[in-house]
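Thanks for making the time this morning. I would like to walk through one structure with you, beginning with a single residue and then moving outward to the chain as a whole.

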Amino acid sequence: MNDIDLSQTAPGGEWDFGNGWKPVEEFYGTFDGNGYRIMNMTIYGTTDKETFFGLFGTLRGEHVTIRNPGLVNVSIDISNTSGHSRLNIGGIAGGGGTSEGGWPAISRCFVTGTISSQSAEAGNIGGIVGYSEHVEIRNCYTDVDISAIKGESAGGINGCHGYMDGYGSSYHSYAAGSISGEFEYINMVGGSYGKESYYLKSGGKDAYAEGLTRAQMEKERCYTGFDFEKVWYMDPVSGCQYPRLRNCPQARVSGFELTTPPSRLEYTMNELQTGQLDLTDGVLTLMYEDGIKVPVGMEASMISEIYGNKDDKQAPAKVFLSYVNVSDSFDVKITEVQAAGLKLDQTKCQLNRGESIRLTAAIEPASAENSVLTWSSDNGLVATVSGNGIVKGLNGGTATITAATDNGITASCTVTVNVPASALPTLYPEGHDIFHTWQERCTRRESRSRLC
């Protein structure tokens with residue numbers, strides 16, 4: 001699918017059906033614009049009938065849904081030739097809903113351009129819907145200048161709310177255009193009910209919406225209730241400095257290129273998995289469809305996906321960036337979490353010849369990816385150590401047992417091996433075996449020698 005250019009609906013164009021674009025009459029069902037734009041729709045001339053003008057004539061029936069189209073540079077200037085006929089004009093639809101026909105819903109749409117009528121009795125004019133009896137509008141905006149010599153009602157989004165109080169509502173929407181002419185009722189947003197909707201202050205008022213100055217319209221914090229994570233975004237570099245729809249941007253970025261990579265391009269797998277990327281010094285150049293190129297700093301909100309193969313750390317990881325409707329990626333190197341410290345549970349210990357003891361090592365940080373240690377003894381005649389830290393005493397003396405990581409971090413334990421004096425049995429005449437040390441035997445032998 002692509003954008004649709006209706007320039008040929010201008011007077012004399014191939015799609016000029018007498019009054020330019022011929023509205024789709026009494027639409028039933030769902031129309032999804034999928035974020036594409038319909039540009040340069042023209043409706044002009046005169047009529048002697050009470051008629052509904054817009055992309056659609058009227059929206060009828062239950063579950064009628066219009067979502068995700070953008071109407072750019074709408075030009076509607078239609079007048080009636082009969083004082084008894086009333087015109088209902090809107091960018092999306094001339095009218096919508098009846099008390100018996102369900103609740104048409106319009107969401108995530110925008111309209112820009114002009115709508116006017118030179119009639120003495122213009123009827124109802126709205127930026128999105130002209131006459132709305134049962135239409136619910138959410139997350140939409142207009143930048144439409146509305147004018148008429150004389151009319152019944154006008155609204156930046158909803159022209160007329162019908163006869164039933166509480167219907168014809170606007171939620172989380174705004175109108176940035178102007179309304180001029182002699183209307184019986186003027187509401188800058190329009191409708192009989194609105195919630196967290198706004199309009200650009202230009203002299204008019206609205207009982208169900210809040211007026212903002214031009215400076216306030218450019219600040220995200222002024223739009224209470226707007227979802228700037230999933231629905232809306234601010235694009236201060238495109239010339240469209242009010243909130244725009246993510247799924248249907250008005251100023252299209254045709255692409256972007258990585259002008260300057262971030263200063264850091266090496267990360268551990270753990271950092272990549274948790275999204276802990278430092279984009280400092282990273283610069284993108286946004287390329288708009290009108291040829292404008294704008295450099296912007298990378299932001300964490302631009303990261304859409306990070307992909308790295310934990311089983312193949314030689315291959316680079318890819319960081320995918322997206323900005324509204326375009327995307328690209330850059331590579332980063334995967335590195336291991338290296339050991340920064342090493343501790344043994346003992347720094348000094350003693351054991352007897354022939355005994356064994358296990359030394360336990362703790363690597364810091366605990367997230368270090370290579371936990372393999374190399375164990376060694378500086379005196380293998382005194383004590384040896386196995387690959388899992390088991391120390392065995394061989395002969396009396398001292399040995400230093402050392403554990404080392406593959407990046408050279410070490411920790412040591414001084415091991416003293418003791419050799420106990422040997423014990424031998426001595427047989428006495430009484431027949432009892434009593435154990436004496438060699439020192440005791442020598443002492444006894446010397447005593448007997450002195451008695452002799």
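Let me start with a question: does His172 count as buried or exposed? Please keep in mind that what you have in front of you is a predicted model. At 16% relative accessibility, His172 counts as buried, because the cut-off for that class is under 20%. This histidine sits in the loop between β18 (169–171) and β19 (174–175), and, leaving aside residues up to four places away in sequence, His172 touches Asn139, Cys140, Lys195, Glu196, Ser197, Thr224, Gly225, Phe226 and Trp232.

Stepping back to the chain, the secondary structure comes to three helices and 43 strands, and of the 452 residues 45% count as buried. If we take the contacts between residues at least 6 apart in sequence, 66% of them join residues at least 24 apart. The protein chain exposes about 22800 Å², of which carbon and sulfur atoms supply 48%.

Now to the charged pairs. The count comes to eight salt bridges, and Asp3, Arg37 and Glu289 are linked in a network of them. Arg37 and Asp3 meet through their side chains at 2.8 Å, N to O; Arg37 lies in strand β3 (residues 37–39) and Asp3 in the segment before β1 (4–5), so this pair ties together parts that are 34 residues apart in sequence. Arg37 also forms a salt bridge with Glu289, with the closest N and O atoms 2.7 Å apart, and since Glu289 lies in the loop between β28 (283–288) and β29 (293–297), that pair ties together parts that are 252 residues apart in sequence. As for accessibility within the network, Arg37 counts as buried at 6%, whereas Asp3, at 28%, counts as partly exposed, and Glu289 is likewise partly exposed, with a relative accessible area of 45%.

Another of the salt bridges joins Glu364 and Lys343, where the closest N and O atoms are 3.9 Å apart. Glu364 lies in strand β36 (residues 361–364) and Lys343 in strand β33 (residues 341–344), so here the parts tied together are 21 residues apart in sequence.

Finally, the second largest pocket, in which about 380 Å³ of space lies. Of the 17 residues that line this pocket, the closest to its centre are Pro23, Glu25, Thr51, Phe52 and Phe53, and the elements giving two or more residues to the lining are β5 (52–53) and β6 (56–59). By class, the lining has five nonpolar, six polar and six charged residues.

Technical notes. Residues are numbered from 1 along each chain as its sequence is written. This is a predicted model: local features need pLDDT of at least 70, side-chain atom pairs count only at pLDDT 80 or more; totals for chains, interfaces and linings use all residues. Side-chain values use heavy atoms; hydrogens and water are left out. Helices (H or I, at least four residues) and strands (E, at least two) are DSSP runs, numbered from the N terminus. Buried means under 20% relative accessible area, exposed over 50%, partly exposed in between (1.4 Å probe, protein chains only). Contact means heavy atoms within 4.5 Å. Accessible areas come from the Shrake-Rupley method with a 1.4 Å probe; for residues, only the protein chains shown count as cover. On a 1 Å grid over the protein atoms alone, a cavity is a set of points where a 1.4 Å probe fits but cannot get out, and a pocket is an open set with protein on both sides within 12 Å along at least five of seven lines; lining residues have an atom within 4 Å of a point. Grid points are joined across faces, edges and corners, and a volume is the space filled by probe spheres set on the points. Ala, Val, Leu, Ile, Met, Phe, Trp, Tyr, Cys and Pro count as nonpolar, Asp, Glu, Lys and Arg as charged, and the others, Gly among them, as polar. A salt bridge is a side-chain nitrogen of Lys or Arg within 4 Å of a carboxyl oxygen of Asp or Glu.
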